Amino acid sequence: MPLTRDQIPIRAAQELRDGYIVNLGIGMPTLVANHIPAGMDVWLQSENGLLGIGPFPRESEIDPDLINAGKQTITARPGASYFSSAESFAMIRGGHIDMCILGAMQVSQEGDIANWMIPGKMVKGMGGAMDLVAGVNKVIVAMEHTAKGAAKLVRQCSLPLTGRRCIDMVITELCVLVMDPARRRFVLTELAPGTSLDDVRAATEAEFVVADRVGTMRV
Amino acid sequence: MSSKKVYGTPAEAFADLRQRGVLRDGITVMTGGFGLCGLPENLIVALRDSGAKGLTCISNNAGVDDWGLGLLLKTRQIRKMISSYVGENAEFERQYLAGELEIEFNPQGTLAERIRAGGAGIPAFYTATGVGTPVASGKEIREFYRPGDDTTHHNRKPAVEGTFAQTQQRLTPPEAGRAQRREYILETGLFADLALVKAWKADEFGNLVFRRTARNFNAMMATAAKFVIAEVENLVPVGQIDPDHVHVPGNYVDRIVRTVPSKKIENRTVTKG
């Protein structure tokens with residue numbers, strides 16, 4: 001059985017390490033915050049100017065001056081700090097964020113990502129996505145493997161790019177792929193329980209390499 | 001009022017701006033805020049009421065249909081937006097698709113840094129953000145080592161004089177493959193005719209203190225315009241803000257208005273249980 005949509009963030013959370021500074025994208029990646037392993041100290045950064053996102057507020061704690069990048073009301077954890085957008089992106093651009101997890105419309109076999117614009121449709125803007133994929137040390141895409149049956153892992157992105165050769169890892173309901181920078185191809189390292197290599201190949205357009213030992217995704 | 005910078009209402013703060021040549025049709029205006037958080041909402045209403053048209057607005061977002069810059073879209077006072085994300089505005093979408101409104105999308109960090117740079121007198125800077133994307137189109141691209149990756153540049157002089165090409169070769173880090181040059185694109189600084197910002201607290205000199213995530217673009221925009229108006233929730237006499245707690249020094253701010261914030265929330269999210 002492939003993972004469910006709700007299980008993808010659980011697998012993604014296993015990439016977190018104690019002390020990491022992490023930025024989570026809007027949508028499915030935000031749910032990774034619910035699965036931070038107990039006892040692990042992870043600091044979540046919000047690009048609108050907060051390091052140390054806390055849980056969503058109780059009704060009595062709601063503060064219009066305290067929101068995340070998805071414009072949701074949030075709280076700040078003890079030890080948090082506030083800063084301007086320039087400082088926030090200096091932090092991102094300067095390589096001071098250990099990891100970001102974001103969604104994608106397409107990822108190419110060389111690690112390009114497209115997730116902000118579909119030609120012919122209304123473009124809402126890239127927000128901070130281009131800065132994050134260009135600046136963060138480890139960039140993970142957590143997404144469903146296909147969109148309405150169409151492959152999202154492609155040879156070359158047909159959509160306008162968000163970033164070039166910047167994706168280090170892809171986690172889907174079918175498998176885990178890790179970029180090998182020397183070969184410039186993803187290496188399949190894990191399969192979902194009950195999922196075969198052929199299942200992945202059938203849902204993937206991109207060329208990829210298969211690791212010598214392929215593990216099973218645990219959730 | 002002891003301070004020449006303090007005005008009673010946003011309308012009063014705008015009253016003589018045309019006469020002073022600050023406000024004209026076609027000027028560039030920066031407005032702070034991230035969504036509705038830290039939005040100079042009452043100053044935006046005053047800008048609408050001023051009737052200035054053909055504006056270029058530099059703002060991370062475009063407000064919502066009935067608040068923020070959405071008000072100026074409704075009245076067709078905006079010709080062009082420079083923004084990173086404009087998702088929550090149906091009128092924006094309509095005008096854009098009808099070709100009535102021009103939009104220049106900037107990556108959010110590039111937009112923030114362009115404003116910071118403009119305020120700091122830096123005409124342009126290189127960034128890796130947007131390389132290989134539509135954002136890089138038409139811009140100068142140059143290769144550099146990422147800061148910190150070039151271990152030879154700072155501490156070692158080339159042993160012998162040589163041609164530029166030879167020098168470049170010697171500067172290749174010894175552990176080839178570890179550090180590589182990467183491409184950067186040249187982005188320019190932004191400086192506006194007028195900036196409208198929102199702060200939590202100010203003194204009568206214009207020293208500003210922001211609150212929580214309402215700081216966002218306000219801090220840089222206050223430094224990057226010929227004329228800066230701040231609306232604040234709390235106004236105190238000079239000397240009442242600890243100099244260590246000032247986020248934006250008062251010299252950047254031309255006018256201050258105390259306003260009552262609407263504290264609107266776009267996406268109210270609470271913890272369950």
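**Entry 1: B:Arg76**

I started with B:Arg76, which I found in the loop between helix 3 (70–74) and strand 4 (78–83) of chain B. I am working from a predicted model here. I looked up the backbone next: phi of B:Arg76 is near 60 degrees, a positive value in a residue that is not glycine. That caught my eye, because most residues other than glycine have a negative phi. Is B:Arg76 buried, exposed or partly exposed? I noted a relative accessible area of 46%, which makes B:Arg76 partly exposed because the value falls between the 20% and 50% cut-offs.

**Entry 2: A:Lys71**

I then turned to chain A, where phi of A:Lys71 is near 65 degrees, again positive without the residue being a glycine. Where does A:Lys71 lie? I traced A:Lys71 to the loop between strand 3 (50–53) and strand 4 (76–82) of chain A. I checked the cover as well: A:Lys71 has a relative accessible area of 6%, so A:Lys71 counts as buried, the cut-off being under 20%.

**Entry 3: the interface**

With A:Lys71 in mind, I went on to the contact between the chains. I see 47 residues of chain A in contact with 53 residues of chain B. How much area do chain A and chain B bury between them? My entry reads about 4100 Å², with carbon and sulfur atoms carrying 59% of it. Which three residues supply more than any other three of the area that chain A buries against chain B? I was pleased to meet A:Lys71 again, in a trio with A:Asp65 and A:Met122 that supplies 19% of that area.

**Entry 4: chain A as a whole**

I stepped back to the fold and wrote down 4 helices and 15 strands for chain A. The radius of gyration of chain A is 17 Å, close to the 17 Å from the globule rule for 219 residues, so chain A is as compact as a globular protein of that length. I also noted the span of the C-alpha trace along its principal axes, about 50 × 40 × 30 Å. Of the 219 residues in chain A, 58% count as buried. I looked at contacts in chain A with a separation of 6 or more, and residues 24 or more positions apart account for 63% of them.

**Entry 5: surface and charge of chain A**

My last look was at the outside. Chain A exposes about 9000 Å², and 50% of that comes from carbon and sulfur atoms. I recorded 21 positive and 24 negative side chains in chain A, with the centres of the two sets 5 Å apart.

How values were computed:
Residues numbered from 1 in each chain as written. Chains lettered and ligands numbered in written order. Predicted model: local features only at pLDDT ≥ 70, side-chain atom pairs only at ≥ 80, totals over all residues. Heavy atoms only, no water. Helix = DSSP H or I, 4+ residues; strand = E, 2+ residues; numbered from the N terminus. Rg over C-alpha atoms; globule rule 2.2 N^0.38 Å. Buried < 20%, exposed > 50% of the residue type's maximum accessible area, 1.4 Å probe, protein only. Contact = heavy atoms within 4.5 Å. Areas by Shrake-Rupley, 256 points an atom, 1.4 Å probe, with all protein chains shown as cover. Lys, Arg positive; Asp, Glu negative; His and termini not counted. Charge placed at Lys NZ, Arg CZ, Asp CG, Glu CD. Buried area = accessible area lost by both parts, 1.4 Å probe.
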